[in-house]
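Trainee: I have a structure to study and would like to talk it through. Could we look at it together?

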Amino acid sequence: MNLDARIPDGPIQDKWDTRKFQLKLVNPANKRKYRIIVVGSGLAGASAAASLAELGYAVDCFCYQDSPRRAHSIAAQGGINAAKNYRNDGDSIWRLFYDTVKGGDFRAREANVYRLAQCSVNIIDQAVAQGVPFARDYSGLLDNRSFGGAQVSRTFYARGQTGQQLLLGAYAALSRQIGLGTVTMYNRSEMLDLVKVDGHAKGVVVRDLVSGEVRSHAADAVIIATGGYGNVFYLSTNAKGCNVTAAWRAHKQGAGFANPCYTQIHPTCIPVSGDHQSKLTLMSESLRNDGRVWVSKKQGDKRLAHEIPNDERDYYLERKYPSFGNLAPRDIASRAAKEVCDDGRGIGDTGLGVYLDFRDSIERLGEPAIKARYGNLFHMYQKITAENPYKQPMRIFPAVHYTMGGLWVDYDLQSTIPGMFVCGEANFSDHGANRLGASALMQGLCDGYFVVPYTIGGYLAGQRPGAVDTNHPEFRKVEQEVEDRTKRLLAVKGKRTVDDFHRLLGKTMWDGCGMARNKAGLEQAIRDIPVMREEFWQDVKVLGSAETMNQSLEKAGRVADFLEFGELMCRDALAREESCGGHFREEHEIEGEAKRDDENFAHAAVWEHTGEIHNSIRHQEELVFDNVKLAVRSYK
Amino acid sequence: MKVKLHIWRQSKKSTRKDFKQDGKMVCYEVDHVSPDMSFLEMLDVLNEDLIRSGEEPVAFDHDCREGICGSCGVMIDGVAHGPEKGTTTCQLHMRSFQDGAEIYIEPWRASAFPVIRDLVVDRAAFDRVVQSGAYISVNTGAPQDANAIPIPKPDADKAFDAATCIGCGACVASCKNASAMLFVGAKISHFAHLPQGKVEREQRARNLVEQMDEEGFGNCTNQYECEAVCPKEIPIRVIADMNREFLRAKAKEE
C-alpha cells in the first residue's frame, strides 16, 4: 500500500501555495467534459459540489436524506474556529495550527493542519458573503467566544445552531448550482458500493430509497463526504441514519482506513434515561464557558444539588486543570467525568452523570444574559429532561460524538484508490487523536470549499474525460453484488430485529472500545463481534421487499457493515499500545493522564483489507514534526 | 404507560387527488411506553413489536432526533408536530400524553407533498423553491473580509430569526390552503435583512413566489396556523416581509 502523503517541500507556510502552483490545471472549456460524483451533502459534500460546479465541472451529488439540507452537519451547535484575531487577543494562523496539533495529541499531519488554519479565515469570509447570520455585537461586527482547548476567543457562532446556518449557506450555494443545471442532485439515494476500472475510482452503485432500484453512475472522479462512524456504538450524538457503509465499501475495494480507533467521546451530553433510548443529545461545549462542572466530594451522596454546600462540592476540572479549568479539551473532560463516576460520586439514579451548573454565572451576569447566550440549549434540555436548568444544574455525561479516524488521504485528500477523494469527517487527516471543539465545521468546509476543488483538478488533468460509462462490465458486476447482498438480507427471515443486533454491537463496542480500553476487553470484543456477525446473517428478520421504500432493509445493510467495521476498530485499538487523545489504554497512563509513546507510535495506522478482517494488514505513515515540538500535552 | 394508536398506512406513492383510496387508518396498541420516551422512540417500540409479529413496520422520516434536521413531522391528533409549542415530533415526549391516550397519527397532507409510504411524504417542492433563488450568488473565493460590512445587530437578529427555519413542512401541513408562505417568507426575510442580500432582492422575490405557485401551494388567508405549529416559532411577519419584497419587485418592474 503506497502511503506517500506527497507533502510539498519547503517551509510549512509555503507548502499550500507551492502545491497550488504545482497542480496541473484543466482548461476552463474542458472542465464541463469532466463529471465528478460527490457522495454526501453535509458541509464537506455540499461545499465541494457547489464549488466544483462553479468552476465548470459537471457534478452528480447524492444523499440518503430527502433533502441535502438535512445532513447531520446541521446539528452542530457551538461554532467554527478561524484565526481572524478580531479580538486582538494574540491569535494567529500559527497559534490555531499549534493548538490543533497539540489538541490532537500530536497524531495529526502537520502540513494538513497548517493549511486548515490558513484556510480558516477564508471560510468565515465566504459564509458571511453567503448570508450566514453569525452572532454580532452592537457595533455590527462579528462576535466570538472561547472554546475548549484554546486560550483565545476565535470561535464564530450563530446562537446554538452554527451547524445549521453554515450548512444552509453551503446548501444555498449547492441549490444555486442545481437550479443552473450544473449539479444533478439525487435525494434519497444511498451509495452501496464503489466501482473501480483499471484501479481508478470511476463510479458508484446506489439504491434509490423510494423505488428500491439499484443504479450505476459513472464519473471521472469520486468524492466521498459521508461523515463518521460513531453509530457503531448504537448510542451516539450522530443522526440515526449516519453510517459507515460508503467508507467501508470503499475500504473493501482497496482504500486504506486510518486510525479507526480514534473516537471522540463528548463530555457534555444528556445522560441515558432508559433502555428505550434511541440516540443521545449533545449539549454544546460552549456551555462550559459559563457552566461549572462538579460532583459531591462524598461517595453515594443522595442530596439534591442545592442541598450540597460549596465546600462539599468538588469542581474537579478547576481543581485538576487550573489554567484551562472547565474549558479542558473534550477527551480530558470526558475521562475526568468517568473517573469521578467510577469513584462512586456520579449523580442521578444511575450514578452516571455530573453537574454542569450555571448558578454562579446567573448570579454574576443575570438570567437574561445567560438566556441570550444559551437560551435554545436550555430550552432543548428542559424539553428532554423536564428539568429547568435555570433553577437546578444540568446533568451531563460523556457520549460518542465524532470520529477522528477515517479513510486515509494524502495531502491532496486523495485516498489510496486513485481518483477517489475523501473530505470532512470521513477522512482521517486533521484532528489526530482528538478533535478540538469548533474544528469539525472548519475542516469540512475547508476541504470542500478550498482544498478539493484545486487538488481534484490535478488528478483530472491526467485523465481522458468520459473515458468510462456505465456500460462497462465492471458496473454490471458491482450492481449484481449489491443486489445479491440485498436479497440475502431479505432471505434470512430469522427472529431478531436489526435494532436488536445494533444495540448488542453498541454495548460490546462501548464496553470494549469506549472511553477507556484495555487488552482483555478488546480481545473479548474481537472474539464476540464475529460471532454476532454470524448470528446476524442467520437470524436477522427483515420484512418487506427490495422494490419499495423499506427502512428496515436500509438499516440492515448499514448494521451489517458496522458488524464488520467494529472488529477492525477493536483490532486497531489493540495494536496501538499507547494512550493518546480519545484513545485511552488503561495500561498506558501516568496518574490518570494519557501516556503517549512517541518512539513507537508517532504514526498513522492504515489498514489494508485483504479478504477477512482478521487478516487485515496494518501499515504505517510516519508522522514528522518539524514545526511543533513533541511534548507531553498538559492543560494544568 | 399504554397508548392506542391510529396510524395512516399506505404502501404505494399517492397518484390521485382522492388520497382516501391510497391507504387507511390502522389501530395498534403499545403497552410498555415510558413517559421519558420521545414520540419517535414510542414508534420505534411499536415497530419492533410489529416486526416480531411479522407485520411491516410503519415508515416515517426522521434523522437527527434533536429537532434541527427537519426530517420528522407527522400530524398528531390533527396538529402538526403534536401538542407542545415550538417542538418537533422527535423532541415531543410521551409525558405530554395521558396514560391510556388514544392518538391519531397521519402524514402531512398537501397536494404539493405527495405521500410516499405510510407517514413519509415528498417535500422536494421546498428544495425546488430554494433552487429558484433563495441564495446569494457568490462563488467560492470571491468575498471580501467578513468584517468589511458591519450589520446592525437588530438586522442581524431579524435575519437570524427567519433563518432558523428547518424546512420541516409543518406550516404547509397545518394550513387549510396548504400555503407555503411561512417557509418562503422566511427565506425572503432572511436575505432581505442583510446588505449582502439586497443586490438580488427583486429577482429573488419574483422567482420564489412564482416557483411557490407553480408547486401548487395555496394562498395565505391569515389564519396564523403556520405560526402556531412552527417548531422554530418563526413569526408571521416574515409573510409581510415577503409581500413587501414581492410588491416592491413588481413596482420596479413597471
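Mentor: We shall go through some helices, a sheet, one chain as a whole and a chain contact.

Mentor: This is a predicted model, in which local features need pLDDT of at least 70, side-chain atom pairs count only at pLDDT 80 or more, and totals for chains, interfaces and linings use all residues. Residues are numbered from 1 along each chain as its sequence is written, while chains are lettered from A and ligands numbered from 1 in the order in which they are written.

Trainee: How many residues does helix 13 of chain A have?

Mentor: Helix 13 of chain A, residues 473-491, has 19 residues. From first C-alpha to last it reaches 27 Å, close to the 27 Å expected at 1.5 Å a residue. Helices (H or I, at least four residues) and strands (E, at least two) are DSSP runs, numbered from the N terminus, and the expected span of a helix is 1.5 Å times one less than its number of residues.

Trainee: Which residues of helix 13 of chain A are buried?

Mentor: They are A:Phe475, A:Val478, A:Val482, A:Thr486 and A:Leu489. Buried means that 20 or more other C-beta atoms lie within 10 Å of the residue's own, exposed means 12 or fewer, and partly exposed is in between, with C-beta atoms placed from the backbone. Seen down the axis of helix 13 of chain A, the buried residues fall within an arc of 75°, so they line one face of the helix. The arc is that of the directions from the helix axis to the C-beta atoms.

Trainee: Why would residues a few places apart point the same way?

Mentor: An α-helix has 3.6 residues a turn, so residues three or four places apart point the same way.

Trainee: And what covers the buried residues of helix 13 of chain A?

Mentor: The cover includes strands 6 (189-197), 7 (200-208) and 8 (214-218), together with helix 16 (551-575), of chain A. Contact here requires C-beta atoms, placed from the backbone, within 7 Å. On the other side of helix 13 of chain A, the exposed residues include A:Lys477 and A:Asp484.

Trainee: What order do strands 6, 7 and 8 of chain A take in their sheet?

Mentor: They form an open sheet of 3 strands in the order 6-7-8, with antiparallel pairing. Strand 6 and strand 8 of chain A stand at the edges, each with a single partner strand, so one side of each has no neighbour in the sheet. Strands 7 and 8 of chain A pair over 5 bridges; two strands pair if DSSP finds at least two bridges between them. A:Val205 stands opposite A:Ser216 in strand 8 of chain A.

Trainee: Changing topic, how many helices and strands does chain B have?

Mentor: Chain B has 8 helices and 7 strands. Of its 254 residues, 53% are buried, and its C-alpha trace spans about 60 × 40 × 35 Å along its principal axes.

Trainee: How many residues does each chain bring to the contact?

Mentor: Chain B brings 63 residues and chain A brings 62. On the side of chain B that touches chain A, helix 1 of chain B gives the largest share, 6 residues. The residues of that side divide into 28 nonpolar, 19 polar and 16 charged. Ala, Val, Leu, Ile, Met, Phe, Trp, Tyr, Cys and Pro count as nonpolar, Asp, Glu, Lys and Arg as charged, and the others, Gly among them, as polar.

Terms used:
Two residues are in contact if their C-beta atoms, placed from the backbone, lie within 7 Å.
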